Amino acid sequence: MTRRFFIFTLACSSALIAGSTFTKRPEVWDIINQVQMHLFPGTATLPSADDVEATRYLKFVSKDPSFPKQNLAFILEGAKKLDAQSDFIQVGKMQREQILASFIESQYGKNWVSMLLNYTLEAFFCDPIYGGNAKQKGWKAYHHFPGMPRPVKKFGKEDG
Amino acid sequence: MVDICIIGSGAGAGPIAYELSRAGKKVVVLEKGAFYSEADFSKDEIAYCRRSIITPTLTDEYHIIEADFGEGWVSTPTYESGWDFWNGNIVGGSSNLMSGFFHRMHPKDFKLLSHFGKIDGANVVDWPISYDELEPYYTKVEQIVGISGEANNHVYEPPRSSKQFPFPPTLEHPITKQIDKTAKKSAINIIKTPRAILSQNRKDRTACYYSNYCGSYGCSSGAKGSARAALLTPALKSGNLEIIPNAHVTKLIEKEGKVVKAIYIDKEGSEKSIEATLFVVAAQAIETSRLLLNSTSKAFPKGLGNNSDQVGKNLLFSAGGVVSGEFDPKTIGDTPEVAGRFVNRTIKDWYFLQNQKGGICEALFEHANPIAKANRAKWEGEKLIWGAKLQEKIFAKLNNTIQLNFEIFNDWIPHDDCFVSVDPTYRDKYGLPVAKVRIGSHPQNIQVASKLAEKTKTFLSHMGAKDIQSAISPYPPQNLQAGGCRFGKDPSKSVLDPNCRVHDVENLYITDGSFMPTGGSVPYTWTIYANAFRVADIIKNRFK
């Protein structure tokens, strides 16, 4: 079996298993980004999740060995579940609010949104060395003064 | 072959390494974690407060916590709960991360059974030594580790052999004026908290620069009296001390009543060993008991020093909790310029209650960590909030309020349902049984803490605080560990003799908080330091 044929077969199988036709589902990180933007839309004076590059931050830190593997798996799985239960990415703000309100009625959904809030807040207030808090927008908007010295290496001492 | 091999490098290890290496003995320290210096530390909330950077990854190395939530004892691995019982696995141990609230124990704390009598369902005993025997070493810690403060005139302050602290108090936040005023009105004799933080430069250590990120962070100036900054760094200059970081000790090998070798796994995963004349274990209470229990031999089939089934028993934490109240930063004079200054106030008036031991209430601001503060704001009771509502709430939390906490410390009563064991079912990445920790809380823990909390709430109310909350819990703070290898005169009821040598093992000492049969109602570090200096003198005499 050639690699191309294998991939094609796999794609067909997944669609069949899911019981759907060839409807293309959104990328999981796009779903996460859209949820983060709904959770932190920004205000006239406070930045949004995109302003602090919250999705880029989460993608980056979740690759580090210090990020709990089970948390990353849960975040990705939860995003797929949310998408499977709704068309979150395709609907407007009001419907997104209803979808999330309904999602957190289960303990699973509540844990998932809570975790996403947690890691998005990290992106607002982390040192920009981690890829979030772009241009210190989080610190500046919330009038926060970072502790000194700031990190010059990510995740402590790299050669520890 | 070296003279002394020390397992661990925190407050129980530092004084031994300092004193013995400077006395000309060859000392090796085996530390599980990495060697961070002042230059490596930063105020990085992600690294030091939100990830396991200086503690093991829980899926690789974990504990089993046995808790009773009302339906019997349930075992949960910490990689499932996220409730991490590791503390600062770096050279200097968790003393790098402490806030440095330093209090001596009171003379009556050494004789709780004699003074207050038996408590039902508890294993309270008197210490085999008195306050007078430890007092010179408390004073030694003030000088060598460096404690700043002001001798307090309080009825419950223990007697001092020196008139004053070697360093003046650190700078104080303006809220202290309001605290002092309220205390005076309430007829409370509030004391200034001694701190293991230098207020002035000293040799190789620089005075505190008031970063506002102290507790949970390593110190970038060396002002904090960690075992690393205050003891191990100067001891290295003797040329007699070798510190081996990333060395996880798996077993002590015993032959004919003596430990002959410590086996460890290095950073590359290779098994190595150190032979020494004398061994000292100071790996923090839970891991110290675990190492002994995992070090079985023909003479000690249940673990080293465990022929009386006492290793791991009577584990102690600190009972208590937190009472908090909120203030408008403007009304208490808070500005970015003074935000890092300390509160340095302790209520000690309730150290002894009627016919019962009480505790202290330690004032401090909520830690500055913005991620932790913002993350707490997402809750409205049990409900999650988000959107502009959450963002504005966070802004208000970070800018319009400042939270003053009173941390309550009262005695964790030793009893049969708080102990360390090992169970071969649960193993770490090295294949070794992990520590299984039963965390039962004696009813008196909560009863006393609640009394102190009520009094503290009244105090905060008199201060004009808003949103006064109290969180008193039967569950232990995982960073305040002691006991498990209590010292005593009777080998059938203790693990260590009064000199902190393991009964029946001629050359093995334990110098972390494990030796404590009762904990007092103050943070343990000063007492651990003092006792380790005492044992260092005993070991020095052995080598004469």
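This passage describes the interface between two chains, a helix pair and two local backbone features in a predicted model.

The meeting of chain B with chain A is a good place to begin. Here 43 residues of chain B are in contact with 46 residues of chain A. About 3500 Å² is buried between the two chains, and carbon and sulfur atoms supply 61% of that area. On the side of chain B, the residues that lose the most area to chain A are R51(B), W386(B) and Q391(B), which together make up 23% of what that side buries.

Polar interactions also join the two chains. There are 16 residue pairs in polar contact between chain B and chain A, counting pairs in which both residues have pLDDT 80 or more. The count of salt bridges between the chains is two. A salt bridge links E122(A) with R50(B), and the closest N and O atoms of this pair are 2.8 Å apart.

Turning to the elements involved, α2 (45–49), α9 (370–377) and α10 (387–399) of chain B each give two or more residues to the side that touches chain A. Of these, α10(B) provides the largest share, with nine residues. By residue class, the side of chain B that touches chain A comprises 25 nonpolar, nine polar and nine charged residues.

Within chain A, a pair of helices merits a closer look. The axes of helix α2 (residues 28–39) and helix α6 (residues 107–125) of chain A come within 10 Å and cross at roughly 80 degrees. Angles of 65 to 115 degrees count as roughly perpendicular, and α2(A) and α6(A) are therefore roughly perpendicular to each other. From α2(A), the contact draws on I32(A), V35(A), Q36(A) and L39(A), while α6(A) contributes W112(A), V113(A), L116(A), L117(A) and T120(A). Seven of the residues in this contact are nonpolar and two are polar, with no charged residue among them.

Two details of the backbone complete the picture, one in each chain. In chain A, the peptide bond from M148(A) to P149(A) is cis, with omega near 0 degrees. P149(A) is placed in the segment after α7 (137–141) of chain A. In chain B, N246(B) has a positive phi of about 55 degrees, although this residue is not a glycine. The loop that holds N246(B) runs between β6 (241–244) and β7 (248–255) of chain B.

Key:
Residues are numbered from 1 along each chain as its sequence is written. Chains are lettered from A and ligands numbered from 1 in the order in which they are written. This is a predicted model: local features need pLDDT of at least 70, side-chain atom pairs count only at pLDDT 80 or more; totals for chains, interfaces and linings use all residues. Side-chain values use heavy atoms; hydrogens and water are left out. Axes are lines fitted to C-alpha atoms, for helices over the stretch in contact, and angles run from 0 to 180 degrees between N-to-C directions. Helices (H or I, at least four residues) and strands (E, at least two) are DSSP runs, numbered from the N terminus. Angles under 35 degrees count as roughly parallel, over 145 as roughly antiparallel, 65 to 115 as roughly perpendicular and the rest as oblique. Contact means heavy atoms within 4.5 Å. Ala, Val, Leu, Ile, Met, Phe, Trp, Tyr, Cys and Pro count as nonpolar, Asp, Glu, Lys and Arg as charged, and the others, Gly among them, as polar. Buried area is the accessible area (1.4 Å probe) that two parts lose on being put together, summed over both. A salt bridge is a side-chain nitrogen of Lys or Arg within 4 Å of a carboxyl oxygen of Asp or Glu. A polar contact is a pair of N or O atoms within 3.5 Å; within protein, one must be able to donate a hydrogen and the other to accept it, and residues adjacent in sequence count only if both atoms are side-chain atoms.
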